[in-house]
Amino acid sequence: MLGIKIDYDKRIYGYDLLRAFAIFCVIHGHGSHLLSGTVLENFPWFKLPHGVDVFFVISGFLIGYSFIVNINKTNGKLALSKSLNFWKRSALRILPNYYLILAINYILVNTDIIAGSTDKFGIVLFATFTQNLYYPFYDFFWESWSLAVQEWFYLLFPIFLMIFTRLFNIKSAILIISAIFIAICIYYRYSISDVEYNNFWWDVNYRKVTASRIDSIFFGVIAAWIRYYLPGIWNKYAIHSFIVGFVLFIAVAAFIPRTLNTVYTNIFFLSISSIYIMLWFPLIDKLKNVKTVIGRIISHISILSYALYLLNLLIRHILDKHYSEITGQHPITSYLAYWFVTLVCSYLLYILFENPIAAYGNKVLHTTKMMYKRIRENDIKSA
């Protein structure tokens with residue numbers, strides 16, 4: 001479809017669907033203000049999960065599972081060569097798009113095409129993914145916060161695995177590492193909970209700081225551990241798990257008050273959000289190889305999700321700054337235009353830049369897809 005070649009037999013439809021849902025949550029969340037005053041205001045009329053949280057748990061699950069499978073196939077330890085292969089492939093997948101959009105944001109902010117400031121936080125921080133390591137940032141390249149969280153996971157997880165698989169078996173090492181990072185995040189949130197914040201400052205201090213959020217990815221790693229080591233429970237209770245996760249989501253979204261500066265909101269809310277997403281995975285994992293038109297569209301959106309994530313807020317900034325009068329007069333049309341432009345630009349970014357660089361880089365660096373292998377049913381049976 002439109003020049004994107006997909007081997008559907010090597011994709012897991014459930015996670016394509018989840019990625020597509022996640023990027024919908026992100027883009028709609030950034031553009032929903034365009035629908036203000038219309039019959040679609042507050043669409044879909046219930047609170048959606050944060051799309052970034054879904055991406056975090058997916059990353060932890062897929063990467064964690066790949067490492068577990070491959071380490072169990074060798075001597076139970078993670079070799080440096082395997083970590084280097086993972087880091088190279090991750091860099092090829094993440095860095096080209098990231099640095100391109102970082103440069104574009106820098107130029108557009110400094111030419112006053114979009115609002116923001118490059119004075120408060122140096123560009124070197126963004127280039128090294130340290131803009132929000134254990135402190136908040138704001139007013140420039142907002143969407144980079146989650147990529148910094150991801151990159152630190154990509155760096156630290158293999159390092160900890162190389163160390164801990166020499167001290168413990170892989171089954172224990174995964175749980176110990178996950179517990180360490182979850183505890184660090186909870187402690188970090190506790191350590192800043194004596195300060196009272198309004199909504200804006202709570203968001204940048206709690207939700208968008210790496211030291212506060214990397215636990216979300218490790219809940220995905222725990223899900224991968226359950227799938228590999230407890231496949232019977234994973235399969236038998238898939239529906240039960242989904243129902244519990246959905247009920248917990250409804251409770252968090254609609255019934256448990258998120259009062260600012262409370263123990264629940266400051267310390268536990270962000271972890272609970274990742275837990276209910278994690279509980280959806282056993283059922284999502286069963287959805288595979290859907291080749292209908294809708295299924296193919298969803299797979300394409302999943303492939304474009306990284307480009308969509310990087311571009312949607314940039315496009316919204318341009319609309320807000322230069323076309324606010326038009327968007328105010330034609331809100332629904334403007335919302336649809338926002339989606340259309342975001343999709344077209346993301347498609348062009350993927351076709352002309354992201355995919356060619358990744359393909360060329362894989363040939364030059366001789367990386368393999370071992371760490372990103374498709375999760376197959378026989379992996380469960382042999383576990």
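Visitor: Before we talk about helix 11, what does buried mean here?
Guide: Buried means under 20% relative accessible area. Keep in mind that this is a predicted model.

Visitor: OK, so how many residues of helix 11 are buried?
Guide: 17 of the 22, so helix 11 is largely enclosed by the rest of the structure.

Visitor: And what span does helix 11 reach?
Guide: Helix 11 covers residues 263–284 and reaches 32 Å from its first C-alpha to its last, close to the 32 Å expected.

Visitor: Where does helix 11 bend?
Guide: At Phe-269, by about 55°.

Visitor: Switching topic: at what angle do helix 1 and helix 2 pack?
Guide: At about 150°, with their axes 7 Å apart. That makes helix 1 roughly antiparallel to helix 2, and the crossing is left-handed.

Visitor: Which residues meet there?
Guide: From helix 1, they include Tyr-15, Leu-18, Ala-22 and Val-26; among their counterparts in helix 2 are Gly-51, Phe-55, Ile-58 and Leu-62.

Visitor: What about the loop between those two, where Pro-44 lies?
Guide: The peptide bond from Phe-43 to Pro-44 is cis, with omega near 5°. Trp-45 is in that loop too, and its phi is positive, near 70°. Most peptide bonds are trans, and most residues other than glycine have a negative phi.

Visitor: Is Trp-45 buried or exposed?
Guide: Exposed, with a relative accessible area of 53%.

Visitor: And what's the phi of Phe-141?
Guide: About 45°, so positive although Phe-141 is not a glycine. Phe-141 sits in the loop between helix 4 and helix 5 and counts as buried, at 3% relative accessibility.

Notes. Residues are numbered from 1 along each chain as its sequence is written. This is a predicted model: local features need pLDDT of at least 70, side-chain atom pairs count only at pLDDT 80 or more; totals for chains, interfaces and linings use all residues. Side-chain values use heavy atoms; hydrogens and water are left out. Helices (H or I, at least four residues) and strands (E, at least two) are DSSP runs, numbered from the N terminus. The expected span of a helix is 1.5 Å times one less than its number of residues. The bend at a residue is the angle between axes fitted to the seven residues ending there and the seven starting there. Buried means under 20% relative accessible area, exposed over 50%, partly exposed in between (1.4 Å probe, protein chains only). Axes are lines fitted to C-alpha atoms, for helices over the stretch in contact, and angles run from 0 to 180 degrees between N-to-C directions. Angles under 35 degrees count as roughly parallel, over 145 as roughly antiparallel, 65 to 115 as roughly perpendicular and the rest as oblique. A crossing is left-handed if the near helix is turned anticlockwise from the far one by less than a right angle, and right-handed if clockwise. Contact means heavy atoms within 4.5 Å.
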